[in-house]
Amino acid sequence: MTISPSKLNTFLFFKLPSAYLCGVRTKSITDTACVVSVKHRWINQNPFNSMFWAVQGMAAELTTGALVMTKIRASGKKISMLVANNNAAFTKKATGRIQFSCNQGEAIDHAISKAIETGEGQTVWLNSKGINTDGVQVSDFNFEWTIKLKSK
């Protein structure tokens, strides 16, 4: 079974309802990139009338995590995944529709190959940028994913 935007959005509804209720939606996913969108609304705003940083974080993390899940599934191996570290920078007020994207599928492929080859856990830093409808970057997230072959 392939991972598609509609399947990821259904997953959000059942497994991450706070992200779903805040409007986080997967728009596209390919072998190398994932795009997620979220619109500033009353339910996801902060007291400064912009999008709460945690909502941006959920959307950004989904772009990276969905790619990792897709690559793990394609490997045919049982591999665990976990965020070990993250950081973010906010450069402009997040209002309107914000689109997050990660295009580092090749870096994930390399980390999974190395984990399978060596049997040792691997880490990979993945980036997701939040861009508003004017093309201006509002936030920049980095997630350190750890992957490890599950023991039999």
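Here are two short exercises on a predicted model, each with a worked solution. Local features need pLDDT of at least 70 and side-chain atom pairs count only at pLDDT 80 or more, while totals for chains, interfaces and linings use all residues. Residues are numbered from 1 along each chain as its sequence is written, and side-chain values use heavy atoms, with hydrogens and water left out.

**Exercise 1. Place G23 and S37, and work out which residues they touch.**

Step 1: Find G23 in the loop between α2 (17-21) and β1 (25-29); helices (H or I, at least four residues) and strands (E, at least two) are DSSP runs, numbered from the N terminus.

Step 2: Check burial. G23 has 14% relative accessibility, so it counts as buried, meaning under 20% relative accessible area with a 1.4 Å probe and protein chains only.

Step 3: List contacts (heavy atoms within 4.5 Å). Leaving out residues up to four places away in sequence, G23 touches S37, V38 and R41.

Step 4: Move to S37, which sits in strand β2 (residues 34-39). S37 is buried too, with a relative accessible area of 1%. With that same sequence cut-off, its contacts include G23, V24 and R97.

**Exercise 2. Work out how far apart G23 and G135 are in sequence and in space.**

Step 1: Count along the chain: G23 and G135 are 112 residues apart in sequence.

Step 2: Go from C-alpha to C-alpha, and G23 and G135 come out 20 Å apart in space.

Terms used. Buried < 20%, exposed > 50% of the residue type's maximum accessible area, 1.4 Å probe, protein only.
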